[in-house]
Amino acid sequence: MTFDLFADHDLQQPDRLDRIGEQAVVLRGFALPWVDSLLAALTPVLRQSPFRQMQTPGGYTMSARLSSCGALGWTTDHQGYRYSSVDPLTAQPWPAMPEVFLALAEAAASAAGFNTFVPDACLINTYCPGAKMSLHQDKNERCFDAPIVSVSLGLPAVFQFGGFSRSDTAQRISVFHGDIVVWGGVDRLRYHGVLPVKTGHHPLLGEQRLNITLRKAG
Ligand code: MD3
Ligand code: FE
């Protein structure tokens, strides 16, 4: 007789919190009740500021495609990384941050133990199978007091959760549709990345992984 302790549905109970660092957690399935409203809000955002392929200052082409919304959006090109209030592709302000993004960011930050989180920047990343994000630190934000909230949708991925220098060994953490990672405080400047996304088909999002990160950048 075997006990089914870890059936799939148990792994995504809305109240499951996995601690991955002193001030970093994965909230398993936290975004599931929000998915429909998140995707509905995303459509006009991406119509206004579509995904685009960006170049790193070092001359590499990123495999994930990016967009932004909120008062500040993030871009990279041969001149460097920056937050700006105008989308260089459209020469217009970035799309407004949808209310549902703000509400979810606040709820997730609070569940992770960070009070009153009001993000002003939202990066939206899409990964097709094979796309990845190399180990990096999020350090273009003006102040590191606020946490970052990361919402994973669509195909699963493996996060690398590293230390404070690039060569530190990184834990590998699988993230699934609806999972939220929140990190701040002493873990705010950890190196992190995403291993190449495996081929697959997600019933809602097809052949892609979407990641939405909410930040206080200004
Ligand atoms: C930070 N995005 O846009 S965020 C980024 O899934 C970015 O698209 C990734 O990194 C993505 O800058 C990952 C999630 C994450 C997970 C674990 C971390 C960030 C982390 C651990 C420590 C610090
Ligand atoms: Fe990052």
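Guide: Start with one term. Two strands count as paired if DSSP finds at least two bridges between them. Keep in mind that this is a predicted model.

Visitor: Okay. In which sense do β3 and β8 pair?

Guide: Antiparallel, over five bridges. One of the matched pairs is Ser 67 with Ile 124, the latter in β8.

Visitor: And β8 with β15, over how many bridges?

Guide: Seven, and the sense is antiparallel here too. Look for Leu 123, which stands opposite Thr 213 in β15.

Visitor: How many residues of β8 are buried?

Guide: Seven of the seven, so β8 is largely enclosed by the rest of the structure. To count as buried, a residue needs a relative accessible area under 20%.

Visitor: Which residues point which way from β8?

Guide: Ala 121, Leu 123, Asn 125 and Tyr 127 point one way. Cys 122, Ile 124 and Thr 126 point the other way. Both groups are buried.

Visitor: New topic. There's an iron ion, ligand 2. Which protein donors does it have?

Guide: Three residues supply them: His 136 through NE2, Asp 138 through OD, and His 192 through NE2. They lie 2.0 to 2.2 Å from the iron ion.

Visitor: How are the donor residues spaced in sequence?

Guide: The pattern is H-x1-D-x53-H. The two histidines link distant parts of the chain, 56 residues apart. His 136 is in strand β9, residues 133–136. His 192 is in strand β14, residues 192–194.

Visitor: Is His 192 buried or exposed?

Guide: Buried. Its relative accessible area is 15%, and the cut-off is under 20%.

Visitor: What does Gln 160 touch?

Guide: Its contacts include His 192, Gly 193 and Val 194. On the list too are Met 133, Leu 135, Ala 170 and Gln 171. Gln 160 sits in strand β11, residues 157–161. At 16% relative accessibility, it counts as buried.

Visitor: What about Val 194? Which residues is it in contact with?

Guide: Among them are Tyr 127, Lys 132, Met 133, Phe 159, Gln 160 and Arg 209. Val 194 is part of strand β14. Its relative accessibility is 6%, so it counts as buried.

Visitor: How many Å apart are Val 194 and Gln 92?

Guide: 30 Å, C-alpha to C-alpha. In sequence they are 102 residues apart.

Visitor: Switching to helices. How does the span of α2 compare with what it should be?

Guide: It agrees. The 14 residues of α2 should span 20 Å at 1.5 Å a residue, and its end C-alpha atoms are 20 Å apart.

Visitor: Which residues in α2 are buried?

Guide: Val 35, Leu 38, Leu 39, Ala 41, Leu 42 and Val 45. An α-helix has 3.6 residues a turn, so residues three or four places apart point the same way.

Visitor: What covers the buried residues of α2?

Guide: The cover includes β3, α3, β8, β10 and β15. So says the contact list; now the core.

Visitor: Right. Which residues touch the most other members of the largest nonpolar core?

Guide: Phe 101 and Ile 180, in a core of 34 residues. The elements that give it two or more residues are β2, α2, α3, β8, β10, β13 and β15. Apart from it lies another core, of 27 residues, including Ile 20, Val 26, Ala 121 and Val 181.

Visitor: And what is Ile 180 in contact with?

Guide: Among its contacts are Val 25, Val 26, Leu 27, Phe 30, Leu 104, Ala 108 and Val 149. That leaves aside neighbours within four places in sequence.

Visitor: Loops now. Where is Ala 91?

Guide: In the loop between β6 and β7. Its phi is near 55°, a positive value in a residue other than glycine. Ala 91 is exposed, with a relative accessible area of 57%.

Visitor: And where is Thr 116?

Guide: In the loop between α3 and β8. Its phi is positive as well, near 35°. Thr 116 is exposed, at 63% relative accessible area.

Visitor: Is Thr 56 buried or exposed?

Guide: Buried, at 16%. Thr 56 is in the loop between α2 and β3. It is in contact with Met 62, Thr 76, Asp 77 and His 78.

Visitor: Last one. Which feature does UniProt place at residues 118–218?

Guide: An unreviewed UniProt entry lists "domain: Fe2OG dioxygenase" there. In the model, that span is 0% helix and 42% strand. Its end C-alpha atoms lie 11 Å apart.

Conventions:
Residues are numbered from 1 along each chain as its sequence is written. Chains are lettered from A and ligands numbered from 1 in the order in which they are written. This is a predicted model: local features need pLDDT of at least 70, side-chain atom pairs count only at pLDDT 80 or more; totals for chains, interfaces and linings use all residues. Side-chain values use heavy atoms; hydrogens and water are left out. A nonpolar core is a set of buried Ala, Val, Leu, Ile, Met, Phe, Trp, Tyr and Cys residues joined through side-chain atoms within 4.5 Å. Buried means under 20% relative accessible area, exposed over 50%, partly exposed in between (1.4 Å probe, protein chains only). Helices (H or I, at least four residues) and strands (E, at least two) are DSSP runs, numbered from the N terminus. Contact means heavy atoms within 4.5 Å. Donors are N, O and S atoms within 2.8 Å of the metal (3.2 Å for Na, K and Ca); water is not among the atoms, so sites may look incomplete. The expected span of a helix is 1.5 Å times one less than its number of residues. UniProt positions are given in the numbering used here, feature names are shortened, and annotations may be inferred rather than shown by experiment.
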